[in-house]
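User: Please take a close look at helix packing in this structure, and describe the arrangement and the residues involved.

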Amino acid sequence: MRVLVLGHNGLLGSELFEQLEQSGYTALHPNRQLFNAEDCSVEKLNHYFTYTTPDIVVNCIAMTDVDGCEQQEDKAAVLNGIFPYQLAKVTEYHNVPLIHLSTDYVFGTSPSSIRQTHLFTENDFVDPLNVYGETKLAGEENVRDTAFKHYILRTSWLFANSPIRKTWMQLCLEKDWEEKVPETYKTTFGTPTYVPNLAHGIVQIINSHNKFRSDWQQPLTYGTYHMANYTEKPWTKMQALRAASEALKDASWCKHTYKNKTSLVAAARGLQTQPQILAKRPINSALSTEKIISHGIVIGSTESAITRFVGSITK
């Protein structure tokens, strides 16, 4: 099968591309010099699809800088809302399934968003608080209304030990890191998601379309799903950081040194300067993953994800 990954050089896209190749798929990506999502059109996409003939498409392209979206609303609208519509129109024309990544930030102001114990289901009311959430919701609606063969995957709080982009979890590698934690890390609740786990979940969906994978009798039903590490309660980033920090202490006691410790700590220093918070954050946007688990796709718990993250540093 030929799988087109849009956004292949990003945090999730790069991991997904690697896992697809390891799983025996032909992973495709567009030449950045010829393909620009900010200046795209249905005609350009149609030409590209005719040339590459993908069997399935995964869209990881998005403007994910939540505060940056407040400053560049037009760019956010194009990448998060208009481009998914163009893509959905072309995948529908070519009868190709589309996997589109979305976010927990489509939730925001409902009474459930204030309750610190609530896990949002796919049927809960959507009410974004910021430009990022609004434009991502517009992208969801465009995909849902345009392409029958679609999967909208809402995920949350991605982290990884990745050379592509430094993530919030790497703050725990810093000396005196608790003094550098932004206030929102302590006061907002969500679902930490380990990027390799998320990529594996997407590969499982693609496997369901592969007639040579005998463990799937038919493709996963099209629709909207929450895909994040499983949890029975919402987390704060502070709680996740503390869990990782404690695990790192235990690992270093056994191993004496972290893998590439010096370079990792140097890279994490980029997180010391706290950015200006421009966008409102929901108090709680944690995701329930019961629906996709009931369909046989499991990517692991939050606790196991933190353990894997620590293992990627200390092994």
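Analyst: The following account treats one helix pair and then turns briefly to the cysteines. The model is predicted: local features require pLDDT of at least 70 and side-chain atom pairs pLDDT 80 or more, while totals for chains, interfaces and linings use all residues. Residues are numbered from 1 along each chain as its sequence is written, and side-chain values use heavy atoms, without hydrogens or water.

The pair consists of α4 (residues 73-94) and α6 (residues 131-146), whose axes lie 8 Å apart at an angle of about 10 degrees. Helices here are DSSP runs of H or I with at least four residues, numbered from the N terminus. Axes are lines fitted to C-alpha atoms over the stretch in contact, and angles between N-to-C directions run from 0 to 180 degrees. α4 and α6 are therefore roughly parallel (angles under 35 degrees; over 145 is roughly antiparallel, 65 to 115 roughly perpendicular, the rest oblique). The crossing of α4 past α6 is right-handed, that is, the near helix is turned clockwise from the far one by less than a right angle.

On the α4 side, the contact (heavy atoms within 4.5 Å) involves E73, A76, A77, N80, G81, P84, Y85, A88, K89 and E92; these meet V131, Y132, T135, K136, A138, G139, N142, V143 and T146 of α6. Of the contact residues, 9 are nonpolar, 6 polar and 4 charged, with Tyr counted as nonpolar and Gly as polar.

As for the cysteines, C40 is buried at 15% relative accessible area (buried is under 20%, exposed over 50%, partly exposed in between, with a 1.4 Å probe and protein chains only). C60, at 18%, is likewise buried. The whole structure contains 0 disulfides, defined as pairs of cysteine sulfur atoms within 2.5 Å.

Note on methods:
Helices (H or I, at least four residues) and strands (E, at least two) are DSSP runs, numbered from the N terminus.
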